[in-house]
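The following exercises invite the reader to work through a structure step by step. Each task is followed by its solution.

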Amino acid sequence: MTHTARRIGRSLALVLPVVLVLSGTLAVTSVPWAGGSSQTQMLTASSENVSVRAKPRAPQDILRDKLLAELQEKDPGVALTHLQRTVEERPSLARHCMSIARALGKAAVQHYGPVRAQTYSRPVCDTSYAAGVAHES
C-alpha cells in the first residue's frame with residue numbers, strides 16, 4: 001500500500017505544477033485588460049508595435065558627443081585636451097581624430113564666435129580644430 005501511495009504522490013508532484021501553470025496562463029489570457037470594453041479580450045503575442053532596439057553607437061560617436069557637451073559646459077581647450085588624451089590612450093580612435101576636432105571647431109564658433117573660438121586653437125589632430133573654426137566662420 002505504501003508503494004502505491006508513493007507512486008500516486010510522485011505522479012501528482014509532477015502533474016500538479018503543470019496543471020497550475022496552465023490554468024494560471026489561461027486565466028491571465030482571458031482577463032479584460034481594458035476597463036471600458038464589456039467584451040472578453042484575449043492577450044496575444046504580436047510582433048507589431050514592438051520597439052526596435054537601438055543599434056550600439058560607435059566609440060567615435062560617443063566620444064564626439066561627450067566632447068561637444070564638454071565644450072559647451074567648460075571650454076574648447078578642455079575638450080581638445082581630452083580628445084588628445086583619449087586618442088593617445090585608444091589609438092583605434094586616431095583615424096577619427098580629425099573629424100572630431102573639426103566638429104569641435106564648428107561647435108566652438110557657434111557657441112563662442114569665430115574670434116574667441118580661434119583663441120583655443122592648438123595642433124591637435126593636424127590643426128583640424130582650426131580648420132573647423134575657419135570653415136564655420
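**Exercise 1: The disulfide**

C125 counts as buried, because its relative accessibility is 15% and the limit for buried is under 20%. The model is a predicted one, and the exercises below refer to it.

Task: Determine how many disulfides the whole structure holds, and which parts of the chain the pair C97 and C125 ties together.

Solution.
1. A search of the whole structure finds one disulfide.
2. The disulfide is formed by C97 and C125, whose sulfur atoms are 1.3 Å apart; the criterion is a pair of cysteine sulfur atoms within 2.5 Å.
3. C97 lies in helix α4, whereas C125 lies in the loop between α5 (114-119) and α6, so the pair ties together parts that are 28 residues apart in sequence.
4. C97 has a relative accessibility of 4% and therefore counts as buried.

**Exercise 2: Helices α4 and α6**

Task: Classify the arrangement of helix α4 and helix α6 from the angle between their axes, and state which residues make the contact.

Solution.
1. Helix α4 covers residues 97-112 and helix α6 residues 128-136; their axes come within 7 Å and cross at roughly 45 degrees.
2. This angle makes α4 oblique to α6, because it is not under 35 degrees, where roughly parallel applies, and does not reach the range of 65 to 115 for roughly perpendicular.
3. The crossing of α4 and α6 is right-handed.
4. On the α4 side the contact is made by M98, A101, R102, L104, G105, K106, A108, V109 and Q110, and on the α6 side by S128, Y129, G132, V133, H135 and E136.
5. Sorted by character, the residues of this contact of α4 with α6 are seven nonpolar, five polar and three charged.

**Exercise 3: Helices α2 and α3**

Task: Classify the packing of helix α2 and helix α3, and then describe the surroundings of T86.

Solution.
1. Helix α2 (residues 59-73) packs against helix α3 (residues 76-89) at an angle of about 155 degrees, the axes being 7 Å apart.
2. Since angles over 145 count as roughly antiparallel, α2 is roughly antiparallel to α3.
3. The crossing of α2 and α3 is right-handed.
4. L63, L67, E70 and L71 of α2 meet P76, V78, A79, H82, L83 and T86 of α3 in the contact.
5. The residues of the contact of α2 with α3 comprise seven nonpolar, two polar and one charged.
6. T86 is located in helix α3 and, at 16% relative accessibility, counts as buried.
7. Leaving aside residues up to four places away in sequence, T86 touches L63 and L93.

Terms used:
Residues numbered from 1 in each chain as written. Predicted model: local features only at pLDDT ≥ 70, side-chain atom pairs only at ≥ 80, totals over all residues. Heavy atoms only, no water. Axes fitted to C-alpha atoms, helices over the stretch in contact; angles between N-to-C directions. Helix = DSSP H or I, 4+ residues; strand = E, 2+ residues; numbered from the N terminus. Left-handed = near helix turned anticlockwise from the far one by under 90°. Contact = heavy atoms within 4.5 Å. Nonpolar A, V, L, I, M, F, W, Y, C, P; charged D, E, K, R; others polar. Buried < 20%, exposed > 50% of the residue type's maximum accessible area, 1.4 Å probe, protein only.
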